[in-house]
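User: I am new to this structure and would like to learn how to read its features one at a time. Could you take me through them, giving the general idea before the particular case?

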Amino acid sequence: MFEARLTQGRLLKQVLEAIKDLVTDANFDCAATGFSLQAMDSSHVSLVSLMLRSDGFDHFRCDRSLSMGMNLNNVAKMLKCAGNDDIITMKAEDSGDTVTFMFESQNQERISDFELKLMDIDSEQLGIPDTEYAATVRMPSGEFQRICKDLSSIGDTVIISVTKDGVKFSTNGDIGSANITCRQNTAVDKQEEQTVIDLNEPVQLTFALRYLNSFAKATPLSTSVILSMSKELPVVVEYRIAEIGHIKYYLAPKIEDEEMEENDG
Amino acid sequence: MASAPSGGRSHEDELVEVELDDGLDDAGEDEAGRQASEDVELHLGEAGRNWERPPAPALDERIDGLVFQQLDVDYYVGPPDKQLYHTDLLEVPILRIFGVTEAGNSVCLFVHGFEPYFYIESPPGWGPDECDVLCNELNARLAEQNKSSRQTRWCLKAMIETKQSIWHYQAQGKKAFIRLTFATPLLVAKARGILQTGMSIASIGFSGSFMTYESDVLFALRYMIDRNIVGCNWLELPPGSFRCTSTSLKVSHCQIEVHANYERVVSHPAEGEWVKLSRFRILSVDIECAGRKGHFPEADKDPVIQIASMVTVQGDSTPAVKNVMTLKSCAAIVGAEVMSFDSEAEMLKRWRDLIVESDPDIIIGYNTSNFDLPYLIDRAATLKVVEFPYWGRLRRNCLKMKDASFSSKAHGTHEFKEITVEGRIQFDVMWAIIRDHKLSSYSLNAVSAHFLGEQKEDVHHSIISDLQNGNEETRRRLAVYCLKDAYLPQRLVDKLMFMVNYMEMARVTGVPMSFLLARGQSIKVYSQILRKARQRSMVVPNLPKIGATPDGVGYEGATVLDAKAGFYRWPIATLDFASLYPSIMMAHNICYSTLVPSPEAKQMAAEEIVRSPSGDCFVRPSKCKGLLPEILEELLGARKRAKTDLKAATDPFMKAVLDGRQLALKISANSVYGFTGATVGKLPCLEISASVTSFGREMIMHTREMVQRRFCKANGYNADCTVIYGDTDSVMVDFHEPDCAKAMELGRAAAAEVSATFTKPIKLEFEKVYFPYLLVSKKRYAGLLWTNPDKHDKMDTKGIETVRRDNCLLVRNVISTCLDKILIDKDVNGAKAFVCSTISDLLMNRMDLSLLVITKGLTQDEDKYKSKNAHAELAKKMRKRDPATAPNVGDRVPYVIIKAPKDAKAHEKAEDPIFVLEHGIPIDSQHYLEHHLKLPLTRLFEPLMKNSNELLSGDHTRSISLGKASQAAGGIMKFAKVQMSCLACKSPLGPHHTSLCPNCQSKEAEIYQRMLGNVNELETQFGGLWSQCQRCQGSLHQDVLCTSRDCPIFYRRKKVQKDLTEAHSLLSRFQDW
């Protein structure tokens, strides 16, 4: 038996919005520690890792670990029917083939049940080993979203370079080029408006903007975003969800050789 | 060059110069040329045992006649043979006819004395004097244009003849035309230009231009028409009518070389005993080149390493010569002759000698016209083997090669190298198949799999070089492969009866066989019109080109009745018009020569003319019988005879010839209508084609109306019949009659009643019933076809995805299996279950990749495509990866759809199937479901079930596999670590477990068993596939090299190999076992 109740139902809706563009079908893993998901996007370029800890739920019960396969578009369809302030409860039997979403309005006047047929998804469990990163940037998530959106109207890829002064995003396209620099800024009072750089050595990496834009869909979940980078390693774009967990995106950098290969064959 | 080191060397130098001369002035065949040819003669190698033709009997020209089947006719311009053509001209056209006697000896006949000519309409009141003036004027003008020539005269004569134009009905009958005769064929075009632009001749007070008649008829064809010679028929030279050339003076490689005057050649129509074919020889060639990595072989860099040749005598079932020439040593091959050479130049020379010695009449091969033959010639030029390009029939003539292109509406533009090999017909099997058959791939492998039912291994260019650089055993392997490639075209020719069918087509349409491949459809009809016109003293105008009409300015096509879609579980009768368009043309006397322009039609009595529903008028046959109806009558009459003979024939070869003939006759009869509608053709006449279709439309409507009125309850029948569908020449009638035999009875009655209301020879025939019949929509239906009430003949489908070649095999398989189940087993539920299990296999990634390959033709250069097409973009991508294997213009590009980011464009999702296999890229199964299966399946099942969507979204779609990501695919997989999950329930495993989670431990034995079973099964499968590939390559002791994109086995083998590795790694996770 699996049961998890979340007062802030909105949160679950936002989580779905943040991953359904990247992943269409995935297994949600339920364990005593929490409710999690690890999946590659369909073209195997990026990886999403979601973790909602059990202690963040109002009520969490999981007798044995379960893996529930769902089509995220269908989950999103059901969650759309929940009000923003509704309390959401997920329920599943250990050997059942459905999961139930129950939505309760704040004042308990309206209770709805949605039952989704589960899928049997054969996929591998993936994870990126934790490492020490050469550079970590924390910046306002809205700022990051805007930068990605603006740059993608100019070019397809972005070069992110981190130095001790700031982080620079630059792109090149048919119509011209663009550079946006965010300076280290710790003076502001509010933590969520700060740009903080933690640097061991300067890093410069290239990424496909298409994916960063998809990652930025998680912006409503957190006021700030943390970018962790090392030479020749995937960037981690992390959104911390207050008191319950995080959503992390991994994206492999574009490597010079690959570019060469693509151009010269 | 001043001090030539040896005699031999200087000989060669001389040869080079001589040939350069020859190249510059191809008409001038002088003494020096003769000299060169004799030098070439000296280089001929020793003859192979069975290569030569049977020895030719000695001919005594006074007693012996000469009978042979002609295969090709061409001409050249040279000095006249004064014995056979009395003239003062310095240069005259001389026709060459190449052929083979019944005993199999090759013949070259030189025909002298035939003069090119054409007609113009005579201005009123002209007599012989005016004609002479015109002749002189033309002479003067042509002399001006040909100042450098030493010719004495150009226009030879102008004579008045009574003829009639075939263009429009000529109420006044025949009138005067002037026949202009010229010295050489080239002058015809020049004179035509002068006459069409107009001229003024002061002495007779004439000024104006002329319409020319028959001025664009090729000279060789002109001769054939005038002497009633048709393609590939038998010719006879009676004793005393010809002159033999003695062996030492022969200019050709033919065994018998004779000269004759054009009037002495007797042509036998292809009837009775003259239907036979001579024992001509076919050479099939294939070459192998050692390419460099990543490049398609180029003649100026990459050597030819092997040449395989097969010579087959027509009528024999096995080749007389099986030869392979290799560069460097090669181990012996049973049943074939291996000749090894140390130098490439020696090999090329020896091959040239092989051709001269074996003297083939027809050279075939697969894509030889674009690759093998040009490559050999280019390579010889690079190596400076100057003696090489002399394997035409004429000793002194160097082969000429030029770029050419052929465009047609049906096949698009295709570029090729035109090589003139005098006296030997080139027949590229690939082009013949492209013209006659629609296939999804035209690689030799795919074609032989389709027609011969066997795969052939496909060795990649880069491996060829490795094999060549190995030892004599590896080269032997390559030689076996090369021999097979040379043998397959011959087997295709035998299987598809190409020689018989093409020769019959040549005989029926009267054009040389070489025209059939190299030219379009229109020349065939044109040749028949010219022949018929000549019989009736009519002439065909050479209309100025009107060019292509802009879209929309056409005429209305055939009619299609609305389809009453549904699944009919009872018999549906089909009524067909036999040869609809030809019979309309015959019934209503529709022809160029009977068309009455509307102003004149108003003045004619109504009973004299027939007005078509499109408003054009034609005179009735009593007034003037049309040319086209007469041609059609003859064609259809001949077809009827051929069919009767076919039934009576017992000899399998005669049967093949007659079947080929009746097919050729049918195609020819049907192409007459198309000829009149081809706006870019020789003689377009839209009034004719529009009238024909308008009659057709009217007839279909009339049939529907009449059948429904007659066969109803009011007239005592069990039910009111309904016409459920009709298209162009057929009408489907539902009599609501459950019994097959009774439905046939009704069909026959209806056909007879309706036929009676039409003018002869239009006939509505009852041929078949469909039972059951699944009518999906217009032009899409399937049904079991019955011609007798006891047993169905076959399944017949139209427009349903079983045949369309741009669909992937998956769709074709699913649809055809469903049709089998629905129509034959009458098991709709079985069909549904099959669809569900297939969809499930697709989503679970269990599908064979070969089933998912889609092919599209690359019709133009990638860069020329305006929008980004998937296949064009992929071709570009593949070219960057490896230009050697990338598809070229004209090829069909195979691709599969891979998973891509959400907003990716369609063209980013196409990928080369081999690349996908090698890199383990995930397939977008959802795309196949949505874009490939959905539409055909809903269409098919719509008439059968209420909610056809449940096939696509039921429970079976809820098990999917995302596939094993492979590191080779790049992206995040380079960094990600696979976390082990429980082999039973898929939940993540803790650090101490490798196979199962604690919850599933109890089932360990059972799961291990299953895994082991899986590995065993895959191993068996792989073993089977591997040995199948080994058998295909003809050796069970060596590795398989084949990477054929067209072979389903290849994909399956690769897939099983991958699955097996995975299964092994899963099994190894059970550490304690």
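User: To begin with, into which domains is chain A divided?

Analyst: Please keep in mind throughout that this is a predicted model. Chain A is divided into domain 1, which covers residues 2-117, and domain 2, which covers residues 135-264. Taken over C-alpha atoms, the centres of domain 1 of chain A and domain 2 of chain A are separated by 28 Å, and the contact takes 23 residues from domain 1 of chain A and 18 residues from domain 2 of chain A.

User: How should I read the size of such a contact, and what area do domain 1 of chain A and domain 2 of chain A bury between them?

Analyst: The size of an interface is often given as the accessible area lost when the parts come together. Here domain 1 of chain A and domain 2 of chain A bury about 1,700 Å² between them, with 63% of it on carbon and sulfur atoms. On the side of domain 1 of chain A, the residues that lose the most area to domain 2 of chain A are Ala18(A), Val45(A) and Ser49(A), which together make up 25% of what that side buries.

User: Which polar features cross the interface of domain 1 of chain A and domain 2 of chain A, and how many salt bridges does the rule find there?

Analyst: The rule finds one salt bridge across the interface of domain 1 of chain A and domain 2 of chain A. There is a salt bridge between Asp21(A) and Lys217(A), whose closest N and O atoms are 2.8 Å apart. Between domain 1 of chain A and domain 2 of chain A, six residue pairs are counted in polar contact, both residues being at pLDDT 80 or more. As for secondary structure, α1 (9-19) and β4 (46-53) of chain A each supply at least two residues of the side of domain 1 of chain A that touches domain 2 of chain A, and β4(A) gives the most to that side, with eight residues. By class, that side of domain 1 of chain A has 13 nonpolar, five polar and five charged residues.

User: Turning to the interface of chain B and chain A, how many residues of each are in contact?

Analyst: The contact brings together 36 residues of chain B and 44 residues of chain A. The area buried between chain B and chain A is about 3,500 Å², and carbon and sulfur atoms give 55% of it. Arg958(B), Ile972(B) and Phe975(B) supply 20% of the area that chain B buries against chain A, which is more than any other three residues. Across this interface of chain B and chain A the rule finds one salt bridge, and Arg210(A) forms a salt bridge with Glu908(B), the closest N and O atoms being 3.5 Å apart. Four residue pairs between chain B and chain A are counted in polar contact, with both residues at pLDDT 80 or more. Among the elements of chain B, α23 (870-881), β37 (959-961) and β38 (977-979) each supply at least two residues of the side that touches chain A, and by class this side of chain B has 14 nonpolar, 10 polar and 12 charged residues.

User: How many salt bridges does the rule count over all chains, and how do I read a single pair?

Analyst: The count comes to 59 salt bridges over all chains. For a single pair, one can look at the atom distance, then at the place of each partner in the chain, and then at its accessibility. Asp88(B) forms a salt bridge with Arg153(B), with the closest N and O atoms 3.2 Å apart. This pair links distant parts of the chain, 65 residues apart, since Asp88(B) is in the loop between β1 (66-78) and β2 (92-101) of chain B and Arg153(B) is in the loop between α3 (128-145) and β5 (155-165) of chain B. Asp88(B) is partly exposed, with a relative accessible area of 43%, and Arg153(B) is also partly exposed, at 32%.

User: Is Glu630(B), which forms a salt bridge with Arg536(B), buried or exposed?

Analyst: Glu630(B) counts as buried, at 18% relative accessibility, because the cut-off for buried is under 20%. Its partner Arg536(B) counts as partly exposed, at 22%. The closest N and O atoms of Glu630(B) and Arg536(B) are 2.4 Å apart. Glu630(B) lies in helix α17 (residues 627-648) of chain B and Arg536(B) in the loop between α14 (522-535) and β22 (538-539) of chain B, so the pair ties together parts that are 94 residues apart in sequence.

User: Which residues are linked in a network of salt bridges?

Analyst: Such a network links Arg53(B), Asp359(B), Asp361(B), Arg393(B) and Arg424(B).

Note on methods: Residues numbered from 1 in each chain as written. Chains lettered and ligands numbered in written order. Predicted model: local features only at pLDDT ≥ 70, side-chain atom pairs only at ≥ 80, totals over all residues. Heavy atoms only, no water. Domains from an automatic or database assignment. Contact = heavy atoms within 4.5 Å. Buried area = accessible area lost by both parts, 1.4 Å probe. Salt bridge = Lys/Arg side-chain N within 4 Å of Asp/Glu carboxyl O. Polar contact = N/O pair within 3.5 Å; in protein donor to acceptor, adjacent residues only side chain to side chain. Helix = DSSP H or I, 4+ residues; strand = E, 2+ residues; numbered from the N terminus. Nonpolar A, V, L, I, M, F, W, Y, C, P; charged D, E, K, R; others polar. Buried < 20%, exposed > 50% of the residue type's maximum accessible area, 1.4 Å probe, protein only.
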